[in-house]
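User: I'd like a close look at how charged side chains pair up in this protein. Could you walk me through one such pair and then set it in its surroundings?

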Amino acid sequence: MPKSAQNEPALVMMGIPAYQTKDNEDYMNAAQRDHFRNVLTAWKSQLMEEVDRTVVHMKDEAANFPDMSDRATQEEEFSLELRTRDRERKLIKKIEDGLQDIDDDNYGYCEACGVEIGIRRLEARPTATLCIDCKTVAEIREKQDGI
């Protein structure tokens, strides 16, 4: 194990310990792809459970309050929950894209320049599609464009 990896804290994503690279190991080998497939699948499952809980919660908690303030509070809570689920729906799409990239042997490579994204970056953000350099440039452009 490289010395820098020995000093890094052990990351855990979705209850799965971080992948420990080995000396002279090829990038995005079968073991690494399996690791990230497990991480992405567990993350997707967790998000889908949240969706199911939201549906049940909204059905169980839906009430026609006679008081306008109580009704407004409930509607605001539901609205906030639905916005959160919408963001998670978009994240699920990214997770599914990542799983497809694993199947297509494209996972872990920058979609802009083709270089390796890196195991540690993927551990931090398994849905990353850009290397750190391309992501930095993209963020600078967004800032300049005021997006």
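Which side chain meets glutamate 50 in a salt bridge, and what is the N to O distance?

Analyst: Happy to take you through this one; please keep in mind that the model is predicted. The partner is arginine 53, and its salt bridge with glutamate 50 has an N to O distance of 2.3 Å. Both residues belong to helix H2, where they sit 3 residues apart, about one turn of the helix.

How covered is the pair? Glutamate 50 has a relative accessibility of 25% and counts as partly exposed. Arginine 53 is also partly exposed, at 46%. Because buried means under 20% relative accessible area and exposed means over 50%, glutamate 50 at 25% falls in the band between the two cut-offs.

There are other pairs to set beside this one, since the search of the whole structure finds 10 salt bridges. In helix H2, which covers residues 30-61, arginine 37 and aspartate 34 are likewise 3 residues apart, about one turn of the helix. The closest N and O atoms of their salt bridge are 3.1 Å apart. Arginine 37 is partly exposed with a relative accessible area of 27%, and aspartate 34 is partly exposed with 40%.

Helix H3, spanning residues 68-103, holds a further example: aspartate 86 and lysine 90 lie there 4 residues apart, again about one turn of the helix. This salt bridge brings their closest N and O atoms to 3.7 Å. Aspartate 86 has a relative accessible area of 30% and is partly exposed, as is lysine 90 with 47%. Coming back to your pair, Glu50 and Arg53 are joined with Arg85 and Glu88 into one network by salt bridges that share partners.

Now for the nonpolar side of the picture. The largest nonpolar core has 21 residues, and those touching the most other members are Met28, Phe36, Leu40, Ile95, Tyr107 and Leu122. H2, H3 and helix H4 (119-124) are the elements that give two or more residues to this core. H3 supplies the largest share, 5 residues. Leucine 40 shows how such a member is surrounded: leaving aside residues up to four places away in sequence, leucine 40 touches Ile95, Gly98, Leu99, Ile102, Tyr107, Pro126 and Thr127.

One more acidic residue deserves a look beside your glutamate. Glutamate 123 is found in helix H4, and with 5% relative accessibility glutamate 123 counts as buried. A polar atom of the glutamate 123 side chain lies 2.8 Å from the backbone nitrogen of tyrosine 19. Glutamate 123 and phenylalanine 36 are 87 residues apart along the chain, yet their C-alpha atoms are separated by 8.2 Å.

Finally, here is the whole chain as a backdrop. The chain has 5 helices and 2 strands, and from the N terminus on the elements run α-β-β-α-α-α-α. Of its 147 residues, 29% are buried. Among contacts between residues at least 6 apart in sequence, 53% join residues at least 24 apart. The accessible surface comes to about 10000 Å², with 51% of it belonging to carbon and sulfur atoms.

Note on methods:
Residues are numbered from 1 along each chain as its sequence is written. This is a predicted model: local features need pLDDT of at least 70, side-chain atom pairs count only at pLDDT 80 or more; totals for chains, interfaces and linings use all residues. Side-chain values use heavy atoms; hydrogens and water are left out. A salt bridge is a side-chain nitrogen of Lys or Arg within 4 Å of a carboxyl oxygen of Asp or Glu. Buried means under 20% relative accessible area, exposed over 50%, partly exposed in between (1.4 Å probe, protein chains only). A nonpolar core is a set of buried Ala, Val, Leu, Ile, Met, Phe, Trp, Tyr and Cys residues joined through side-chain atoms within 4.5 Å. Contact means heavy atoms within 4.5 Å. Accessible areas come from the Shrake-Rupley method with a 1.4 Å probe; for residues, only the protein chains shown count as cover. A polar contact is a pair of N or O atoms within 3.5 Å; within protein, one must be able to donate a hydrogen and the other to accept it, and residues adjacent in sequence count only if both atoms are side-chain atoms.
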